[in-house]
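Student: I have a model open on my screen and would like to learn how to read it. Could you walk me through some features?

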Amino acid sequence: GGTGGVWGSRFYRVVFFFPQVLAVAVVAVLFQQVFRPDRSGMLNAPLIALGFEPVGFLSDTDIALWAILGVLVWQAVGFYVVLFSAGISSIPRDMFEAAAIDGAGGVQLFLRVTLPLLWDTIQVGWVYLGIAALDVFAIVWVMTAEHGGPDHSTTVMAAEIYRNAFQYFKFGYASAMGVVLFFFTIGFAALALRLSRRERIEF
């Protein structure tokens with residue numbers, strides 16, 4: 001029922017959390033090899049073997065951003081698996097059992113028990129996700145051509161700050177961009193907490 005755990009959940013947590021223990025630069029270099037546009041690329045090798053044209057995951061302006069997003073999701077998902085697993089584990093089992101006795105099904109258990117009691121965890125996850133998205137730098141800088149290419153299709157603000165400071169030596173401009181990014185990040189966090197604020201449920 002709704003109170004039982006998933007078989008092998010501890011193993012799944014370790015598997016999903018594994019990318020978190022890797023340095024971001026290692027993840028970027030790893031996926032550079034995965035996305036290679038020749039027979040040595042993990043994704044293109046089977047396509048070429050089947051007679052298809054190789055896909056330019058990092059060289060096609062229509063695909064590059066989605067490839068980067070896929071890597072970011074893979075790299076970050078473990079954190080949220082552990083975060084929400086811990087949140088669910090902290091909910092007293094008695095609440096699930098009482099709701100199940102009252103006739104609540106799986107969907108009702110989720111909407112009326114799990115979701116309300118996980119709201120604080122959801123707030124934390126939402127804010128962290130937004131900050132992490134605004135702070136993307138290493139994956140884009142290491143993986144992409146021209147550090148944000150092709151044709152600026154994967155450029156992010158953090159990369160532009162670095163480029164202006166250490167390639168163009170426009171330190172004042174880069175500092176101003178950094179201040180804007182800082183306040184934008186703080187503003188997002190405050191707005192997210194404000195919009196998702198609700199009465200705290202004690203148990």
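Tutor: Happy to; we will take salt bridges, helix packing, side-chain contacts, a surface patch and an unusual loop in turn. Keep in mind that this is a predicted model.

Student: Let's begin with charges. How many salt bridges does a search of the whole structure find?

Tutor: The general idea first: side chains of opposite charge can pair when their charged atoms come close. Here, the search of the whole structure gives 3 salt bridges. One of them links Arg 36 and Asp 38, with 3.0 Å from N to O.

Student: Are Arg 36 and Asp 38 buried or exposed?

Tutor: They fall between those two words. Arg 36 has a relative accessible area of 32%, so it is partly exposed. Asp 38 is partly exposed as well, at 28%.

Student: Which residue does Glu 97 form a salt bridge with?

Tutor: Its partner is Arg 93, and the closest N and O atoms are 3.3 Å apart. There is a general idea to use here: an α-helix has 3.6 residues a turn, so residues three or four places apart point the same way. In this case Glu 97 and Arg 93 both sit in helix α5 (residues 93-101), and because they are 4 residues apart, about one helical turn separates them. Glu 97 is partly exposed at 34%, and Arg 93 is partly exposed at 47%.

Student: And where are Glu 160 and Arg 163, which are also separated by about one helical turn?

Tutor: They are in helix α9 (residues 157-166), 3 residues apart. Their salt bridge has its closest N and O atoms 3.0 Å apart. Look at the accessibilities too: Glu 160 counts as partly exposed at 22%, whereas Arg 163 is buried at 7%. The cut-off for buried is under 20%, so these two residues fall on opposite sides of it.

Student: Now helices. What should I check in helix α7?

Tutor: Start with its span. Helix α7 covers residues 119-134, which is 16 residues, and runs 23 Å from first C-alpha to last, close to the 22 Å expected at 1.5 Å a residue. Next, look for the side that is covered. In α7, the buried residues are Thr 121, Gln 123, Gly 125, Val 127 and Gly 130.

Student: Which helices do the buried residues of α7 pack against?

Tutor: They pack against α4 and α10, the latter being residues 171-195. Helix α4 spans residues 64-89 and includes Ser 85. With 17% relative accessibility, Ser 85 counts as buried. A polar atom of the Ser 85 side chain lies 2.6 Å from the backbone oxygen of Val 81. Val 77 is also in α4, but this residue is partly exposed, at 30%.

Student: I would like to see a buried polar side chain in detail. What does the side chain of Asn 44 reach?

Tutor: It reaches the backbone nitrogen of Val 55, at 2.7 Å. Asn 44 belongs to helix α3 (residues 44-49) and is buried, with 0% relative accessibility. To see what surrounds a residue, set aside its neighbours within four places in sequence. Asn 44 then contacts Phe 35, Arg 36, Pro 37, Asp 38, Pro 54, Val 55 and Phe 57. That list includes Arg 36 and Asp 38, the pair from the salt bridge we discussed.

Student: What about nonpolar side chains on the surface? Which residues form a patch?

Tutor: Phe 11, Tyr 12, Val 15 and Phe 16 form a nonpolar surface patch, with about 410 Å² of accessible area together. Phe 16 lies in helix α1 (residues 9-17) and is partly exposed, at 40%.

Student: Last topic: backbone geometry. Where is the cis peptide bond?

Tutor: It joins Gly 149 and Pro 150, with omega about 0°. Pro 150 is in the loop between α8 and α9. That loop is a good place to check phi angles too. His 147, also in the loop, has a positive phi of about 50° although it is not a glycine. Asp 151, in the loop as well, has a positive phi near 55°.

Student: How accessible are His 147, Asp 151 and His 152?

Tutor: His 147 is partly exposed at 26%, while Asp 151 is exposed at 62%. His 152 lies in the loop between α8 (138-143) and α9 and counts as exposed, at 57%.

How values were computed:
Residues numbered from 1 in each chain as written. Predicted model: local features only at pLDDT ≥ 70, side-chain atom pairs only at ≥ 80, totals over all residues. Heavy atoms only, no water. Helix = DSSP H or I, 4+ residues; strand = E, 2+ residues; numbered from the N terminus. Buried < 20%, exposed > 50% of the residue type's maximum accessible area, 1.4 Å probe, protein only. Polar contact = N/O pair within 3.5 Å; in protein donor to acceptor, adjacent residues only side chain to side chain. Expected span 1.5 Å × (residues − 1). Contact = heavy atoms within 4.5 Å. Patch = residues over 30% accessible without salt bridge, like charges linked within 9 Å, V, L, I, M, F, W, Y side chains within 5 Å. Areas by Shrake-Rupley, 256 points an atom, 1.4 Å probe, with all protein chains shown as cover. Salt bridge = Lys/Arg side-chain N within 4 Å of Asp/Glu carboxyl O.
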